[in-house]
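Dear colleague,

Please find the structure below, handed over for your further work. My findings follow directly after it.

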Amino acid sequence: MDRVAFVGAAHSVSLASRWAGNRAFSLRRGRHFTTLPSYRSTLTCSTASTHAAAEKPRKKKGKADPSPYSATVNLPQTAFEQRANATKREPQIQKFWEENAVYQRLSRENPGDTFVLHDGPPFANGPLHCGHALNKILKDFIIKHSLINGKKAVFVPGWDTHGLPIELKVLQGIKSKERKNLSTLGLRQKAREFANTTVANHITGMKRFGVWADWDNPYLTMNPEYEAAQIDVFGKMYEAGYVFRGKKPVHWSPSSRTALAEAELEYPEGHTSQSCYCAFTAVSAPADAPSFLREVVSSLGGLALSVWTTTPWTMPANRAVAVNNKLEYVLAKGLHPQLPELTVVIAKELLETASAKFGTSDIVQELGVLTGKDLLGVQYTHPLEDGLVCRVVEGGDYITTETGTGLVHTAPGHGQEDYQTGLREDLDLHSPVDDAGKFTEEAANGRFTGLPVLGDGNKAVLAELSERSVLLLEEAYAHKYPYDWRTKKPTIFRATEQWFISIEGFRESVLEAIENVNWYPASGIKRIRGMVETRGDWCISRQRSWGVPIPVFYDDETGESFMNQEIVNHVKEIVKEQGTDVWWELEADDLLPEAYRGRNLRKGRDTMDVWFDSGSSWAAVASARNELAYPADIYLEGSDQHRGWFQSSILTSVATKQQAPYKNVLTHGFVLDEKGVKMSKSIGNVVDPLSVINGGNNKKTDPAYGSDVLRLWVSSVDYSADIMIGPSILRQVADVYRKLRNTLRYMVGNIHDFVPAEHAVPYSELPTLDKYMLSRMMQLSEEVGQAYESFAFFKVYQALQRFAVVDLSNFYLDIAKDRLYIPEPNSFRRRSCQTVLAVLLENYSRALAPIVSHTAEDLWQSMPYVPTSTKAGVVDSKSVFDAGWFERRPEWINVDDSVMKNWEVVLDARDAVNKVLEAARVGKTLGASMEASVKIYAADPEDAQALQSLRNCSSDVDSLERAFIVSEVEVVSSPDEIATCAHSNVEQGEKTGERFRVGMNKSGAPKCERCWHYDMTVGDSHAHPVLCGRCTKAVVSMGMETAPVAAAV
């Protein structure tokens, strides 16, 4: 297998597995570890002694006795357990963080700059889901990476606690009788209690995710100081002239009985409207109209204007027909299926499509062509309201020939473009629909009163249009249609008196501010810029009780609104002290400044859009708290927030502060099930993040993975798009985690008796293999550091996983076991390896800490010494987060090129050797790799020189025998010398043809009973006749002057 491949082999398999098939030996029969309690008592495992006893090698029936030299082998020892035991261990680690105030201390005392990730407030209206987990864990990655790098990274969590989502939850939870008798203040009290309970539950769950934050001091949009800051932002925008009251069509939710902002809408798939084609009878044409047009109008057959709409219920509000002056229209006789003598006006490009639908293609005749301008001023009778005459007006580019007829039924009270046309043409803003979405008496002279426009009212309109021979065709039309995101029911456009913010006054400033923000991914800038460019006035008033009141008063006699900056500031100060309940508790005069009392003014009843609530968080939180900063360094939320919080925040900030409230904006996709389907309780595919951590009712099917597996999942995905989670995905992530944990356990277990101050080998004395690994670690630090800085956490995951498998498990640790297990404990070979292991372990832990925080901390607490910190002014690192980022020394970075090149060649050659060894194993001519004697030929002179330099080196550690884990290696100068070998293989280079030729024979040397190497020095010692020379030296140094009886010859 290519050594740079992403290897999935489990490291839990014994690192001595190459010795399989040989005589029983303690390393093979035991678990390789002795678990000892760490001297660092803070987080030691209480069951360490139990595990130590349990992991002693056991003699199995029918197996040979362990080698009498077993006790002389240096086995790993650690309190870092093989199993994470996450449901018990993670809460212990979280308690350690809390007791030692790790987050609080670092976020306030770190030596670096302040870093602010401003939290976007989720609604406090339900339990945590995987979207919450993804969002908060991503934020935690950024915060912890910033903290470990020495920044004062402060994270204040927030919740959106006002609005209809919470109000609906409260109303759904009480009986209908209680609901009818519930006062506004009573509803607000219940909503506050519900929000507080939800926030408390969220905090408990998010802590269990391992997320750090100022949990004791979150921001809630219902807190008085927040509400006051929001009113202040409103007042400044009002003072600047951006806030106004007007009657215009807005998105209205009959199911919620309130106006909605665009961000409160969703457009589900599968909506179908009942559309219709109609013909409005023309009664006159202007004197300056084309003569043939005037003649047709006055002819016996008459003239009709064809229109098409997907909302027949808006016909009673029709006040004009709009045309596009640039389009060509035809007068078509015979188009109407019931009235063949009637001439109908239709866009020329749409005649063929329409006649085919009406079934009149064979009889329709074109009488003439004219422009939209020629039609202006033509009058027609209203299709439903007797005695009302309307006219043709100029529309705009929104009128196209993609669908319909090219003439647009215009109801200024029920459409944004219709409204704009109506303003220009001075049309009546007629909207005969009430708050419940039912027709009022003003609709068609009262014939539809009380009928819901989205139900029976729509049907009634179509029936009467047909009865009056106005209806040409009725058909189902599938299209995108806005729904209330809370009630999941369709909305309507309806003209009502509302409060608005005019974006036009500062739109260009917002677009300029957008350009000065870094957007991740880069496509985000195009998305939000397009939304701001086309955004109309922002309707900020809501007809609900649970929210921040718009601080306006009305004259009780005239109904005129009354508000100024003095009044707004006065209300703000009252709210700051008493909260917004005071608006419903006090009379109007008690809320007004003294100079305005006694004027017969009443309070307004509207509350602010919740997007104005959350959009003011930069003022109420980031700008208001001393430990934070404005603008924030980063906002991070779902991609839907380009039209939500990101947009409302930049609108309010630019309008009042002339700058964006954030420097960087990062977005993530939505969480789907593992089949890519949106999660739904009705489908049964919901993945509960807390069940992932703690396990479900059936622990076999829903095991407790712990939060670090959940966090590892978050790090493994490219969150810029929608991401998936499910049982099989979690099992895969858990397997990766298990292998990683075992690698870390092996490393920390092998430095159990190592203290850097006493045992570290100076860099200059290290073997070149160790220097190579230190350089690889520096390369890893560059790769991981850049990935963290660019928020590409999946690249962090890939880099760390690749290093653990390819560089460590499959290479360095595979080679290192001989150095660690076999020599005398204090030997150079072992201490030099431990020196590098300690450095690798410390730095790898630092890189892991933001992602699998509990595991990194658990590992840190299991270190046999207290590592030093790389942070300025910090000596010892009590927590891994005290440790600072990677330790980087010039000599580790600037390793000699020849060292790096030589070991790269050896690694490639090692792959070639392993293929030959594997072929020999398959052929059953080889058991363990140590039985092999290898010959290798390199076609490239530089490769040959690299191999020969290590073949001739004086360091046993750097020898090819150790690198290939064989007993003997010979670098030959001719491929012919390979021909006589029992097994051989040719390794091709990427561009150069043959690169290596490898041959293998079984070694003829005797086998050492301690290290299992085949070595000609076995038997040289009379005291230890079954050992090789280096093992003899090792055991003698440990006080074993003569061989045990069982080992004597």
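The largest nonpolar core of this predicted model has 238 residues. Within this core, the residues with the most contacts are I501, F506, Y662, W713, Y812 and L947. Helix α28, which spans residues 793-821, gives the most to the core, with 15 residues. A second core, of 68 residues, lies apart from it and includes V296, A304, L327 and L351. For a view of the surroundings of one well-connected residue, L947 may serve: with neighbours within four places in sequence left aside, L947 is in contact with V905, V906, A909, I936, A938, L960, V971 and F996.

Two open sheets deserve a description.

The first of these sheets has 5 strands in the order β2-β1-β27-β28-β20, and the pairing is parallel. The edges are taken by β2 (152-154) and β20 (518-520); each has a single partner strand, so one side of each is left without a neighbour in the sheet. On average, and with direction ignored, neighbouring strands here are turned by 20° against each other. Strand β27 (residues 632-638) and strand β28 (residues 662-668) run parallel and are joined by 6 bridges. Y635 has V665 in β28 as its bridge partner. Helix α5 (residues 130-148) lies across β1 (114-118), β2, β27 and β28, and runs at about 155° to β27.

The other sheet is also open. Its 4 strands follow the order β6-β5-β19-β21, with antiparallel pairing. Here β6 (258-260) and β21 (538-539) stand at the edges, and because each has a single partner strand, one side of each is left without a neighbour in the sheet. Between strand β5 (residues 243-253) and strand β19 (residues 492-501) there are 10 bridges, in the antiparallel sense. One of the residues concerned is W252, whose bridge partner in β19 is I492.

Several points of backbone geometry may be of interest to you. The peptide bond that joins Y520 and P521 is cis, with omega about -5°. P521 is part of the loop between β20 and α16 (523-534). A cis peptide bond also leads from Y630 to P631, where omega is near 0°. P631 belongs to the loop between α21 (617-622) and β27.

Positive phi values occur at K488 and at Q658, neither of which is a glycine. For K488, phi is about 60°, and the residue sits in the loop between β18 (483-484) and β19. K488 is partly exposed, with a relative accessible area of 45%. For Q658, phi is near 60°, and the residue sits in the loop between α22 (645-657) and β28. Q658 counts as exposed, at 61% relative accessibility.

By contrast, Y329, in strand β11 (residues 328-333), counts as buried, at 0% relative accessibility. From Y329 to V571 the separation is 242 residues in sequence and 58 Å in space, taken C-alpha to C-alpha.

How many disulfides does the structure hold? There are 0. C1028, for instance, is in no disulfide, and the nearest cysteine sulfur, that of C1031, is 3.7 Å away. The cut-off for a disulfide is a pair of cysteine sulfur atoms within 2.5 Å, so this pair does not qualify. C1028 is buried, with a relative accessible area of 0%. Another cysteine, C539, is buried as well, with a relative accessible area of 6%.

Finally, two annotations come from the UniProt record, in both cases from an unreviewed entry. The feature "domain: Aminoacyl-tRNA synthetase class Ia" is placed by UniProt at residues 92-724. Over residues 92-724 the chain is 34% helix and 22% strand, with the end C-alpha atoms 30 Å apart. The annotation "domain: Zinc finger FPG/IleRS-type" covers residues 1007-1033 in UniProt. Over residues 1007-1033 the chain is 19% helix and 0% strand, and a distance of 16 Å separates the end C-alpha atoms.

With kind regards

Key. Residues numbered from 1 in each chain as written. Predicted model: local features only at pLDDT ≥ 70, side-chain atom pairs only at ≥ 80, totals over all residues. Heavy atoms only, no water. Core = buried A, V, L, I, M, F, W, Y, C linked by side-chain atoms within 4.5 Å. Buried < 20%, exposed > 50% of the residue type's maximum accessible area, 1.4 Å probe, protein only. Contact = heavy atoms within 4.5 Å. UniProt positions renumbered as here; feature names shortened; annotations may be inferred. Pairing = 2+ DSSP bridges. Axes fitted to C-alpha atoms, helices over the stretch in contact; angles between N-to-C directions.
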